[in-house]
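Ready for a walk along a chain? Keep your viewer open and your selection tool at hand, and we will go stop by stop.

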Amino acid sequence: MRFIQRYHLERHSLIHTGVKPYACTMCDMRFFQRYHLERHRLTHTGVKPYACSMCDMRFFQRYHLARHTLTHTGVKPYACTMCDMRFIQRYQLERHSLTHTGVKPYACTMCDKRFFQRYHLARHSLTHMGVKPYACTMCDKRFFQRYHLARHSLTHTGVKPYACTMCDKRFFQRYHLARHSLTHMGVKPFACTICDMRFVQRYHLARHSLTHTGVKPYACSMCDMRFIQRNHLERHSLTHTGEKPFACDMCDMRFIQRYHLERHKRVHSGEKPYQCERCQQNFSRTDRLLRHRRLCQGRSVPKVENQPCCEPRPYPQEPPPAPPTWSPLHPPPGRLAV
């Protein structure tokens, strides 16, 4: 390299020698140039001398202000040569280009995963260390990512910012809204390769595929039972712990499953939603209807008009004859008197 001024040559030479003559008096940082030191000092004082004329943002460096201004003008000077995407910053373009080449330069040292961005690697590393730096202020939950915390906070406030335009449903997450919209359009984009079943969600397809392979990946740690779905395992685990989380609000009964609670509530309400199509008798539970059908719709049992088929038959009006009595003077037939 050649330089117009001697000062520039002397400053450049420091890069080769590694000497950083300008030291910060408030921390251990050192710099090649005085300008870099002066710019760094602003981070200690909190002064941001460069103000945006279109909003209230202020910046430590002029370059950061110039870059921010592009967000107001909408100008994206850095264009991808392989697609139509454009970017405000060169760094964003370089990062995007990796998605075309498939190169993932940031490798995890604890597993085989690789990432396009350093930030994604740093975030992933937390999963190995078990560190969840983002804590909810309203409960004990903690999260690996700030985004997950912000999303979780909505469950406390009850705010569902994503509204369906075709019905009254609202959702905490945009992804849930997009997934729900498929139910209106009837689109099931995820097809099983082994049968004709199709699904709205990829997760449902993956879960269904296990029924073909017979794999049950969720094993109970307290017995030999295995399950296709995690929620089935969680529900089964309650049978070991004895916990019954679903309580009836009209009596003291508690249940392991919500379905059992809903079924129990019909005892209080008197509701019998399950009807026998043969005799129109109603039942509060499906198992009782099925048991009834075995008697009602048996092949040898003819249907009786205007009478429930499983109603007990009335006794005859005349009482049955009393069993015969006998004595030594009146023996039964076939016996001789003594």
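Helices here are DSSP runs of H or I with at least four residues, and strands are runs of E with at least two, both numbered from the N terminus. Keep in mind as we go that this is a predicted model.

**The whole chain**

Start with everything shown as a cartoon. Colouring by secondary structure should give you 11 helices and 20 strands. Switch on the surface next: its accessible area comes to about 26400 Å², and 54% of that belongs to carbon and sulfur atoms. Of the 338 residues, 20% count as buried. How many of the contacts between residues at least 6 apart in sequence join residues at least 24 apart? The share is 2%.

**The start of the chain**

Select Met-1, which sits in the segment before α1 (6–17). Is Met-1 buried or exposed? Its relative accessible area is 80%, and since anything over 50% counts as exposed, Met-1 is exposed. Now add Phe-3 and Leu-9 to the selection: together with Met-1 they form a nonpolar surface patch, with about 330 Å² of accessible area between them.

Move along to α1 itself. Its 12 residues should span 16 Å at 1.5 Å a residue, and the C-alpha atoms at its ends are 17 Å apart, in agreement with that. Right after α1 comes Gly-18, with a positive phi near 80 degrees.

**Helix α3**

Next, select residues 62–73, which make up α3. Put a distance label between the end C-alpha atoms: they are 17 Å apart, and the 16 Å expected for 12 residues at 1.5 Å each agrees with this. Then click on Gly-74, just after α3, where phi is positive at about 80 degrees.

**Helix α5**

Now select residues 118–129, helix α5. With 12 residues at 1.5 Å apiece, α5 should span 16 Å, which agrees with the 17 Å between its end C-alpha atoms. Which residues of α5 are buried? Show side chains for Leu-121, His-124, Ser-125 and Leu-126, and you have them. As a reminder while you look down the axis, an α-helix has 3.6 residues a turn, so residues three or four places apart point the same way. To see what the buried residues of α5 pack against, add β7 (106–107) and β8 (114–115). Finish this stop at Gly-130, which follows α5 and has a positive phi near 80 degrees.

**Gln-173 and its partners**

Jump to Gln-173, in the loop between β12 (170–171) and α7 (174–185). Is this residue buried or exposed? Its relative accessibility is 15%, and because the cut-off for buried is under 20%, Gln-173 counts as buried. Leaving aside neighbours within four places in sequence, Gln-173 is in contact with Arg-151 and Tyr-162. Show the side chain of Arg-151 too, and you will find a polar contact with the side chain of Gln-173 at 3.0 Å.

**Lys-188, past α7**

Follow the chain through α7 and pick Lys-188, in the loop between α7 and β13 (190–191). Lys-188 is partly exposed, with 43% relative accessibility. Apart from neighbours within four places in sequence, its contacts are Arg-198, Phe-199 and Val-200. Select Gln-201 as well: although 13 residues separate Lys-188 and Gln-201 along the chain, their C-alpha atoms are 7.6 Å apart.

**The salt bridges**

For the last stop, turn on charged side chains. Side chains of opposite charge can pair when their charged atoms come close. How many salt bridges does the structure hold? There are two.

One of them joins Glu-277 to Arg-293, with 3.1 Å between the closest N and O atoms. Glu-277 lies in the loop between β19 (274–275) and β20 (282–283), while Arg-293 is in helix α11 (residues 286–296), so the pair ties together parts that are 16 residues apart in sequence. Glu-277 is partly exposed at 46% relative accessible area, and Arg-293 is also partly exposed, at 26%.

The side chains of Asp-287 and Arg-285 meet in a salt bridge too, at 2.8 Å from N to O. Asp-287 is partly exposed, with a relative accessible area of 35%.

Before you close the session, select Gln-280, in the loop between β19 and β20. Its phi is near 60 degrees, a positive value in a residue other than glycine. Gln-280 is partly exposed, with a relative accessible area of 45%.

Conventions
Residues are numbered from 1 along each chain as its sequence is written. This is a predicted model: local features need pLDDT of at least 70, side-chain atom pairs count only at pLDDT 80 or more; totals for chains, interfaces and linings use all residues. Side-chain values use heavy atoms; hydrogens and water are left out. Patches are made of residues with over 30% relative accessible area and no salt bridge: like charges are joined within 9 Å, nonpolar side chains (Val, Leu, Ile, Met, Phe, Trp, Tyr) within 5 Å. Accessible areas come from the Shrake-Rupley method with a 1.4 Å probe; for residues, only the protein chains shown count as cover. A salt bridge is a side-chain nitrogen of Lys or Arg within 4 Å of a carboxyl oxygen of Asp or Glu. Buried means under 20% relative accessible area, exposed over 50%, partly exposed in between (1.4 Å probe, protein chains only). Contact means heavy atoms within 4.5 Å. The expected span of a helix is 1.5 Å times one less than its number of residues. A polar contact is a pair of N or O atoms within 3.5 Å; within protein, one must be able to donate a hydrogen and the other to accept it, and residues adjacent in sequence count only if both atoms are side-chain atoms.
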